[in-house]
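Dear colleague,

I am passing on the structure we spoke about, together with some notes on its strands, its aromatic rings and its cysteines. Please have it open while you read.

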Amino acid sequence: MDRTDAFLNGIARAIDADERAAVSAARVEPPYPFRLGPDGRFVVTGAHVPDVGAVVRLGGVRGRVTRVDVRTVAVGFERPVNPPLAGVLEPGVRSFAPQRAALTALGSHPLLGPLAEGRVAAFSPAADVDAGLDPDQLDAFRRALAVPDLLVVLGGPGSGKTRLAEALTARGVSTVDDADRLSLPDLVVRLVRVERAVLLGDAAGGLAVVAARLPECNVVRLTRRRAVPAEIAEFCARLAGRHVNRAGPHVHRDAVFAGPLAFVDTSGLPARRRRERPARQRDRGRPGFYNPVEANLLARLAAHYEAAGRDWAVVVPYAAQAAEVTARIVAIVGGEVPVRRNVGAEDFRGGDRQVVLYGFTRDRADLRRTGAALASTRAGEQLVLVGDLPALARDSPVLTLPEARGHDEVLASLAALDPPPGLS
């Protein structure tokens, strides 16, 4: 068996294994009894609520959960359905037919040689092209414009992959961002649609397999990390137990907070208001939680920075809280799809943002999760943390911050700056 056959057979085995695992997982998931809401969405009446992205079945028709508002679930089905007034959504399994079809198409595709054997065509980077990028980004940009088949760009969080991808997309170059988060079968699904592509991500997953096969001229490594304000860099280093990385000078500009690192303390609120609530769903094998008070404040802050024209991200430890925050931001600013791109849970990779808002959700800190989240979504100008500071600091003395303001004080500042109509 040659390397090409071995490569294709390996992907076929991976698809079969993924399907078996998905079927096994669906068998142990509980069903979701529902009553039909007046807007056509499903109001789940059982103990468990599906997550956004979960696959469900209704009368044999498969669908994917597109939105969860506490217990109200929206589902996009593969074909039209006529739901009963009451019934059961069954856990489903996504279709693996697109992966198998893509694998068949790959057998005669121009990118099979680069993927399976690292066979690529010779090329020279485009000359005299300047897109306002850093030197290492510009090197990748010029190679991407000229490469006839496949280029891999490797870089960690904050290395400038997102900015590079935007510049390439504007030039009509096909890109796959966060390619390291895709398995080889899912990567093949994306690649058989084009004849040349640029893959961007960390050196992990299927991307690491592809990069290892390619010659050096088809692999670019982004090593430059942008400096962040010293206060933020030092705080994040304490969380991770590391030395400070890329701290730099900073001219502070923010209408709400006096410094680049701030904490909004909810401890002054009554316990029944500030406490988290169980989401009655599972988040990567852990109980899910959401916190309405924190979600409201994070949404108000995000809306403020959106109106101010600053790019932002909200990061929280639980998928249920991410859904709660997203729904509240959409209610203020609209645009569910772009908002969702800026809100994530735990391993959200938002890249560089001017402003990062982190909500602890619960009154205890898992600094490992917090540190990992803040390492992958870097605050270039402002980092704001929201939670019950005295409770968090009891177990985590590292949460010593130069600026801590009360919940109501910050809400009052936001109301004075740009009061959202009808919201408090």
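**A hairpin and its neighbour**

Strands β3 and β4 form a hairpin with 2 residues between them, and G59, which lies in the turn, has a positive phi of about 60 degrees. Please keep in mind throughout that this is a predicted model. The two arms of the hairpin, β3 at residues 55–58 and β4 at residues 61–69, run antiparallel and are joined by 4 bridges; within this pairing, V55 has R64 of β4 as its bridge partner. Strand β3 also pairs with β6, which covers residues 86–91, again in the antiparallel sense and over 2 bridges, and here R57 stands opposite E90 of β6.

**Aromatic rings**

How many aromatic pairs does the count come to? The count comes to 5 aromatic pairs, and I describe two of them here in some detail. The rings of F263 and F360 have centres 6.0 Å apart and planes at 20 degrees, and because planes under 30 degrees apart count as stacked, this pair is classed as stacked. This pair links distant parts of the chain, since F263 belongs to strand β13 (residues 261–265) while F360 lies in the loop between β18 (351–359) and α13 (367–376), with 97 residues separating the two. Both F263 and F360 are buried.

F360 also pairs with Y358, and for these rings the centres are 5.0 Å apart and the planes stand at 80 degrees, so the pair is edge-to-face. Y358 is buried, as is F360.

Elsewhere, ring pairs link F34, F42 and F77 into a cluster. A ring also meets a charge in this model: the charged end of R362 sits over the ring of F289, at 3.7 Å from its centre.

**Cysteines**

As you may be planning work that involves the cysteines, I add what was computed for them. A disulfide is a covalent bond between the sulfur atoms of two cysteines, and the structure holds 0 disulfides. Are C217 and C236 buried or partly exposed? C217 has a relative accessibility of 40% and therefore counts as partly exposed. C236, at 21% relative accessibility, also counts as partly exposed, because buried means under 20%.

With best wishes

Terms used: Residues numbered from 1 in each chain as written. Predicted model: local features only at pLDDT ≥ 70, side-chain atom pairs only at ≥ 80, totals over all residues. Heavy atoms only, no water. Pairing = 2+ DSSP bridges. Phe/Tyr/Trp six-rings, centres within 6.5 Å; stacked < 30°, edge-to-face > 60°. Buried < 20%, exposed > 50% of the residue type's maximum accessible area, 1.4 Å probe, protein only. Lys NZ or Arg CZ within 6 Å of the ring centre and 35° of its normal. Disulfide = S-S within 2.5 Å.
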